[in-house]
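User: Please walk me through the core and the strands of this protein. Keep it brisk.

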Amino acid sequence: MNKTMENTRLSKHFSLEEFINVGKYAENKPAMQHVANMTYGCLMLLEPAREVVGPILINSGFRNPRVNALVGGVRNSQHLLGQAADIRPRDPAQFQRLVDFLKAHELTDQLLTGNGWLRISWSPFGTPRHDVRIGYYK
């Protein structure tokens, strides 16, 4: 992937670079379909959430199979498709507000919460499952 693609904006407030973490995993390079899936998630879920809670930090977004294995991701992780992100609000006081917003959002496919962060996924090509598990990660 060239430097231009890394600097690609997925939406007004989110960049591809945030989702792929090539600084840590140089080989974590998405295909164009992955980029399209991440763009969908940013436009449909993350930007609306940001309007409610302020800046959102991406801990993990797209993962290729090697990176997914390195971080202990499950074999069928939506991160492999560019359809999930581990996020947290910049302001920790906004965490519950972020959870409540995404829990109620009709396009949330899966929401799993942890200690100060959450995993959100989306399904650009199917009906969202709306699978919400509060306190899933201990």
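Analyst: What follows is a set of short questions and answers on a predicted model.

User: Which element gives the most residues to the largest nonpolar core?

Analyst: That core has 27 residues. Elements giving two or more residues to this core include helix H2 (16-20), helix H5 (95-104) and strand E2 (84-89). The most come from one helix, with 7 residues: H3.

User: Which residues touch the most other members of that core?

Analyst: In soluble globular proteins, nonpolar side chains tend to be buried together. Here the core holds 27 residues. Those touching the most other members are Phe19, Leu46, Ile87, Leu98, Leu102, Leu118 and Ile120.

User: Which residues does Leu98 touch, leaving out those up to four places away in sequence?

Analyst: Leu98 is among the core residues that touch the most other members. Two of its contacts, Ile87 and Leu118, are also bridge partners of each other. The full set is Ala49, Val53, Ile56, Ile87, Arg88, Pro89 and Leu118.

User: Is Leu45 buried or exposed?

Analyst: Leu45 sits in helix H3. Its contacts beyond four places in sequence include Phe101, Leu102, Ile120 and Trp122. Buried means under 20% relative accessible area. Leu45 is at 0% relative accessibility, so it counts as buried.

User: How many Å apart are Leu45 and Phe14 in space, C-alpha to C-alpha?

Analyst: In sequence, 31 residues separate Leu45 and Phe14. In space, their C-alpha to C-alpha distance is 12 Å.

User: Which residues cover the two faces of E4?

Analyst: E4 pairs antiparallel with E2 over 4 bridges. E4 also pairs antiparallel with E3, again over 4 bridges. Both faces of E4 are covered, and the four residues named here are all buried. One side has Leu118 and Ile120, and the other has Arg119 and Ser121.

User: Which residue in the hairpin of E3 and E4 takes a positive phi?

Analyst: Across this pair, Leu111 has Ile120 as its bridge partner, and Thr113 stands opposite Leu118. The hairpin has 4 residues between the strands. The residue with a positive phi near 90° is Gly116.

User: Do E3 and E5 run parallel or antiparallel?

Analyst: Gln110 and Leu112 point one way from E3, Leu111 and Thr113 the other way, and all are buried. Leu112 has Arg133 in E5 as its bridge partner. E3 and strand E5 (residues 131-133) are joined by 3 bridges, and they run parallel.

Terms used. Residues are numbered from 1 along each chain as its sequence is written. This is a predicted model: local features need pLDDT of at least 70, side-chain atom pairs count only at pLDDT 80 or more; totals for chains, interfaces and linings use all residues. Side-chain values use heavy atoms; hydrogens and water are left out. A nonpolar core is a set of buried Ala, Val, Leu, Ile, Met, Phe, Trp, Tyr and Cys residues joined through side-chain atoms within 4.5 Å. Buried means under 20% relative accessible area, exposed over 50%, partly exposed in between (1.4 Å probe, protein chains only). Contact means heavy atoms within 4.5 Å. Two strands pair if DSSP finds at least two bridges between them.
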